[in-house]
Amino acid sequence: MAFPGLSDRLETVRAGIADACRQANRDPAETTLIVVTKFHPASLVAALAGLGVRDVGENRHQEAQQKAEELAQLGLNWHFVGQLQTKKARQAARYAHAIHSIDRERLVDALAEGDRVIDAFVQINLTDDPGRGGVAPADLEPLAERVLAAPALRLRGVMAVAPLEEEPARAFERLAGYSARVRALDPSASAISAGMTHDYREAIAHGATHLRIGSAITGNRPEPR
Ligand SMILES: *Cc1c(COP(=O)(O)O)cnc(C)c1O
C-alpha cells in the first residue's frame, strides 16, 4: 500500500530534528525518533519500516498488540505511550520495548516480575490538574525508586506531554529539572521522552532524547477505530 508524501514528511522531520539539534549544540545521534502510528493501519507502520524507521509508538493496548503481532517479523521497537490499565500491563510487556507512561506504583508492581526486561519512563504531569496523565512532581522520587527496584524494568528516565495552556519551552524547562532529580537517584536514567509534532524543537532545546512524533510524519490521523 502506498502512502503519498510519507517519505517526504519523514525526511522533513528528520531534517527538522537535525536542525534543532544543531541550534542546541547537540548531537542528533543522542536522539531517538519514535514515530507515533496510533489509529493508522499496520500497512503504514510497515511502510515506515521500509523507510528506515525502527521505533514506533502506540497509545492503546489492543491496537498496539495487534500491530506488533502482525509485524513481528520486522523487529521494530514498540513504544507504549498511552494510559495503561494495570490489568493490561503484563500483556503490554510482552510486545513493548518501552513503556513511557509509568505513572503509579500499582503499574510498576504489575510489571515488576515480567520475564523480559523492558525500558521504563516515569511520566510526569506538568499541569496542576490531577486528572491528567502522569505522577505529580512531588511524588516523583518514590515512584522512580520503585521502578529501580523492579527486576523486569530498566529505568530510562522521564516522560511528559507539554500542557496546552503553557509555552512548551517553559514546561520542558521544568521537565529538565525533574530529569535531574531522577538522575540523582540513578545517573544512567538520563533519558527525556518529550516533543511531539508541534513542540519537538523546544523539547530538543531542553534536552529531549526520545521524540514522539505522529501527525507531522503520518499525516492526519484517521478516526479512532
Ligand atoms: C499521539 C501522541 C503523540 C504524537 O502526537 P503528534 O502531535 O501527532 O505528534 C505523542 N505522545 C503521545 C503520548 C501521544 O499520545
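In this predicted model, the side chain of K38 places an N or O atom 2.7 Å from an oxygen atom of the ligand, a polar contact being a pair of N or O atoms within 3.5 Å. R221 does much the same job on paper, with a polar side-chain atom 2.8 Å from a ligand oxygen. For R212, the partner is a nitrogen atom of the ligand, 2.9 Å from a polar side-chain atom. The protein buries 89% of the 390 Å² that the ligand exposes when taken alone (Shrake-Rupley areas, 1.4 Å probe).Around the ligand (heavy atoms within 4 Å) sit V36, K38, V81, M159, M196, T197, R212, I213, G214, S215 and R221. By class, that shell holds 5 nonpolar, 3 polar and 3 charged residues, with Gly counted as polar and Lys and Arg as charged.

As for the wider chain, UniProt (unreviewed entry) puts "domain: Alanine racemase N-terminal" at residues 30-222, an annotation that may be inferred rather than shown by experiment. Over residues 30-222, helix makes up 36% and strand 21% (DSSP runs of at least four residues, H or I, and at least two, E). The end C-alpha atoms of this stretch are 31 Å apart.

Numbering runs from 1 along each chain as its sequence is written, and side-chain values use heavy atoms, leaving out hydrogens and water. Since the model is predicted, local features need pLDDT of at least 70 and side-chain atom pairs 80 or more, while totals for chains, interfaces and linings use all residues.

Methods. Polar contact = N/O pair within 3.5 Å; in protein donor to acceptor, adjacent residues only side chain to side chain.
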